[in-house]
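Thanks for coming, everyone. I have one structure to walk through today, and I will keep it brisk.

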Amino acid sequence: MKPLAIIAAFLAVLIGLALAFPDQLLNPGGLMQGHAKIEKECLSCHKPFKGALAAQCASCHKPGDIGIRRVDGAPLPKKAGKALFHRGLPASSCLECHTDHKGRDAKKALRTFRHESLGADLRANCNACHDGQKPQDKLHGYATRSCGDCHVTGGWRPASFDHKLLTARQRCIECHKSDLPADRLHASTGTNCATCHVAKAWKPASLNHDRYFRLDRDHRASCKTCHNDPANFRQYTCYGCHEHTPANIASEHIEEGIRNYRNCAKCHKNSRDGD
C-alpha cells in the first residue's frame, strides 16, 4: 500500500472515531452546570469542521430574553442594577464573551466584555443598558448627557467630571455637602467653595484674606502674628506688633468717644481705614 493511501486511511479512521465518539476524543473539559444535560450532545453547539457556532447558542438563548426569562420561558427575578445589554447585541456575538468546557462554574467560562462589540448606536446610548445603575444623587440628577462625558468603558472609576457641564445657578454645596470640613475655618467661610477652591481639585486652595483684612505692605506678617489660636482662625489679635498695644488702642479710641473697639477688623479693613 502506498504511503498516501495509508495516511488517508488513517485519517478516515480517525475522523470516523471522532464523529462516533466526540465526547471521548474531542471534549476538552466539562461543561458549565447549565449545560450539563447536553454534555454528551456535542452537535448541540458544534458543527462538523466548523466548531462552536453562535447561532447554536441563540437557538436556545434568545438575546432579547437573556436576563428576563430562562431558556424554558420561565421568568427570572429582576436584579437591580444589572444591565440588560444582551438585547442590543447581535446574535452572532455570543462567543466573544462566552465559552465553555471550563467546568461546572459558569463564571470560569466568561471572557472579558468589550463595549466595542456593541453597535455604534448602542455604544452612544449608555442608558439603554445602564439606566438602572445610575446613582440617585444630585450630581447624577444634573447629568443629563451621556455617561461617556465622565466615565470610560473600562470601569465606572476613576471618572473625570467637567464642572462646565453644570449651569451657573448650581451651587457647589449641593453636591459637596459631605466634603465640607467640620472645622472653624470652613464654618466661617460659608458654602461658596469657589471662594477659595477651583473645580479641578480641593488643593491647592487660596483664601482671599482681603475679605476680612487686606495684608498690605504694612502687614506682611506671618499668620501666627495675628492668629495665635491655630484651631480657630476667626480669633485674631492686633496686639502682636508695633504700636498696637492694648493701652494705646484704648486711649486713642476712648479719646474719640469710641468704646466698642475690640473687634478691630470690623472698622479697619486695611491699614488706611480710619487710620
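**Confidence and layout**

This is a predicted model. Mean pLDDT over the chain is 82, with 93% of residues at 70 or more. Where does confidence peak, and where is it lowest? The high point is helix α3, residues 54-60, with a mean of 91. The low point is helix α2, residues 22-25, with a mean of 66.

Now the domains. The assignment splits the chain into domain 1 at 3-122, domain 2 at 128-166, domain 3 at 168-200 and domain 4 at 207-274. Take the C-alpha centres of domain 1 and domain 2: they sit 34 Å apart.

**Backbone oddities**

Next, the backbone. Most peptide bonds are trans, and most residues other than glycine have a negative phi. Here are some exceptions.

Start with the cis bonds. R157 and P158 are joined by a cis peptide bond, omega about 0°. P158 belongs to the loop between α7 (138-142) and α8 (173-176). Further along, K203 to P204 is also cis, with omega near 0°. For P204, the setting is the loop between α9 (184-188) and α10 (223-226).

Then the positive phi values. F49 is not a glycine, yet its phi is near 70°. Look for F49 in the loop between β1 (46-47) and β2 (51-52). Is F49 buried or exposed? F49 counts as exposed because its relative accessibility is 78%, and the cut-off is over 50%.

H101 is another one. Its phi is positive, about 65°, and H101 is not a glycine either. H101 sits in the loop between α4 (94-97) and α5 (120-123). With a relative accessible area of 24%, H101 is partly exposed. Buried would need a value under 20%.

**A contact across the chain**

Let me stop at P63. P63 is in the loop between α3 and α4. Which residues does P63 touch, once neighbours within four places in sequence are set aside? The answer is H86, R87, L89 and A91. There is a C-alpha distance to note here too. P63 and F85 are 22 residues apart along the chain, and their C-alpha atoms are 9.0 Å apart.

**Cysteines**

On to the cysteines. A disulfide is a covalent bond between the sulfur atoms of two cysteines. How many disulfides does the whole structure hold? The search finds zero. C147 is in none, and its nearest cysteine sulfur, on C126, is 4.2 Å away. C193 is in none either; there the nearest cysteine sulfur belongs to C172, at 4.4 Å. The cut-off is within 2.5 Å, so neither the 4.2 Å pair nor the 4.4 Å pair qualifies. As for accessibility, C193 counts as buried, at 14%.

**Salt bridges**

Last topic: charge pairs. Side chains of opposite charge can pair when their charged atoms come close. The structure holds five salt bridges. I will go through some of them.

One is E39 with R104, at 3.1 Å from N to O. This pair links distant parts of the chain, 65 residues apart. E39 is in the loop between α2 and β1, while R104 is in the loop between α4 and α5. R104 is partly exposed, at 38% relative accessible area.

Another is R70 with D72, at 2.7 Å from N to O. Their exposure classes can be read off the numbers. R70 is at 44% relative accessibility, so it counts as partly exposed. D72 is at 52%, and that makes it exposed. The line between those classes is 50%.

Then there is R114 with E96. The closest N and O atoms are 3.9 Å apart, and the cut-off is within 4 Å, so the pair counts as a salt bridge. R114 lies in the loop between α4 and α5, and E96 in helix α4, 18 residues apart. R114 is partly exposed, at 43%. E96 is partly exposed as well, at 38%. Which residues does the network here join? E96, R114 and E116 form one network, through salt bridges that share partners.

That is the tour. Over to you for discussion.

Conventions
Residues numbered from 1 in each chain as written. Predicted model: local features only at pLDDT ≥ 70, side-chain atom pairs only at ≥ 80, totals over all residues. Heavy atoms only, no water. Domains from an automatic or database assignment. pLDDT = per-residue confidence, 0-100. Helix = DSSP H or I, 4+ residues; strand = E, 2+ residues; numbered from the N terminus. Buried < 20%, exposed > 50% of the residue type's maximum accessible area, 1.4 Å probe, protein only. Contact = heavy atoms within 4.5 Å. Salt bridge = Lys/Arg side-chain N within 4 Å of Asp/Glu carboxyl O.
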